[in-house]
Amino acid sequence: LQKWLRALFAASCSVEVVQSMLDIYLLEADPFLVFFLALVMLVNAKEMLMDGTQCSRSDLADSISLFPSELGKDDLEDFCLLAQHYASLTPQSFRMDYHAPLFGPMKSSTVSSALPHALCLPIGLTELVSSLRQRAAEISGLDAPVSKISSDTAVSYFVVDCRSLEQYQNGRLLFCHHLDSELMLRDVSAFQHLVSSLQEVHARVNEGEDHWCFIGTGREDEDQYMHMAVAHVLQRGVPYVSVARGGYAG
């Protein structure tokens, strides 16, 4: 994967394909595009990647490294359009968080060591709140200020507030749904029933296309139960899940 990202697939693609891809990359002026190009390749090979019975791990790695070699010049337009589609459906606040560590001077900062161990993508509260305000404006028919982040993404959020009922009642975000994550410890069956109910509500909201976004207090000792709830939802096969970084400080 590093060879893909560092050389824009030059190690595996023909010169003609690399030149055309470089033109597109420079015209788009988006350094993160290469990650979504790689994602398209991995998604297209999902069945092979998930079937671990076909070959050893080293053979699988070798096969993955050759994916770009199958690209032809005529494939590039659809390839890049699909990458841009994935980019538009991905929370964008990570760009602000990781642009400098990934593309700035190597000594300026480093990518958080916690990121590789994260259950799901952490997003900034600014992006979440902006999306909720935009939804409120659409419902009321009024215009709302649109931030640069929200204008670059088509993501909308199904917010699940995992704080205690008392904290939830004292203040909460717009359109959020309450799920006391500590209920998982007190009554597993009641917790599972609530999650099933939330899934039913989610299926009716925006045709089920909203990303689940969990929010806690921002205090690690309390949010450990929220992370357990996130893991439970992921085990249920929910495809788009994120966590609001910093929690609700209200």
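This is a guided tour of a predicted model, stop by stop, with a selection to make at each one.

**Whole chain**

Start with the protein chain in cartoon view, where the secondary structure amounts to 13 helices and five strands. The chain has 250 residues, of which 37% count as buried. Switch on a surface: the accessible area of the chain is about 14,800 Å², and 55% of that belongs to carbon and sulfur atoms. For contacts in the chain with a separation of 6 or more, 69% are between residues 24 or more positions apart.

**The largest nonpolar core**

Select Phe9, Met21, Leu37, Met41, Leu71 and Phe79 and show their side chains. They belong to the largest nonpolar core, which has 26 residues, and these six touch the most other members. Now colour the helices α2 (15–28), α3 (33–44), α6 (76–88) and α7 (93–103), since each of them supplies at least two residues of this core. The largest share is that of α3, with seven residues.

Centre the view on Met21. Which residues is Met21 in contact with, leaving aside its neighbours within four places in sequence? They are Leu8, Phe9, Leu37, Leu71, Leu76 and Phe79.

Then move to the other core, which lies apart from the largest one. This second core has 19 residues, including Leu179, Leu198, Met226 and Val230. In soluble globular proteins, nonpolar side chains tend to be buried together.

**Two loop residues with positive phi**

Go back to Phe9 and check its backbone. Phe9 sits in the loop between α1 (2–7) and α2. Its phi is positive, about 65 degrees, although the residue is not a glycine. Its relative accessibility is 1%, so Phe9 counts as buried.

Next select Ala29, in the loop between α2 and α3. Ala29 is not a glycine either, yet it has a positive phi of about 55 degrees. Is Ala29 buried or exposed? With a relative accessibility of 63%, Ala29 counts as exposed, because the cut-off for that class is over 50%.

**Arg95**

Select Arg95, in helix α7, and show everything within 4.5 Å. This arginine has a relative accessible area of 18% and is classed as buried, because the limit for that class is under 20%. Two polar contacts of its side chain can be drawn as dashed lines. One goes to the side chain of Asp30, at 2.7 Å. Another goes to the side chain of Gln92, at 2.4 Å. Setting aside neighbours within four places in sequence, the residues in contact with Arg95 are Asp30, Phe32, Phe36 and Ala87.

**The sheet**

Hide the side chains and look at the strands. In what order do the five strands of the open sheet run? The order is β1-β5-β4-β2-β3, and the pairing is parallel. Select β1 (121–123) and β3 (177–178) to see the edges: each has a single partner strand, so one side of each has no neighbour in the sheet.

Now take β2 (residues 157–161) together with β4 (residues 211–215). These two strands pair in the parallel sense over five bridges. To place the register, note that Phe158 stands opposite Trp212 in β4, and that Asp161 stands opposite Ile215 in β4. Towards β3, the pairing of β2 is also parallel, over two bridges. There, Val160 has His177 in β3 as its bridge partner.

Stay on β2 and show its side chains. Five of the five residues of this strand are buried, so β2 is largely enclosed by the rest of the structure. Tyr157, Val159 and Asp161 lie on one side of β2, with Phe158 and Val160 on the other, and both faces are covered.

**Cysteines**

Finish by selecting the cysteine sulfurs. How many disulfides does a search of the whole structure find? The search finds zero. For Cys162, the closest cysteine sulfur is that of Cys213, at 9.9 Å, which is too far for a bond. Cys162 is buried, with a relative accessible area of 6%. Cys13 also counts as buried, at 10% relative accessibility.

Methods. Residues numbered from 1 in each chain as written. Predicted model: local features only at pLDDT ≥ 70, side-chain atom pairs only at ≥ 80, totals over all residues. Heavy atoms only, no water. Core = buried A, V, L, I, M, F, W, Y, C linked by side-chain atoms within 4.5 Å. Buried < 20%, exposed > 50% of the residue type's maximum accessible area, 1.4 Å probe, protein only. Helix = DSSP H or I, 4+ residues; strand = E, 2+ residues; numbered from the N terminus. Contact = heavy atoms within 4.5 Å. Polar contact = N/O pair within 3.5 Å; in protein donor to acceptor, adjacent residues only side chain to side chain. Disulfide = S-S within 2.5 Å. Pairing = 2+ DSSP bridges. Areas by Shrake-Rupley, 256 points an atom, 1.4 Å probe, with all protein chains shown as cover.
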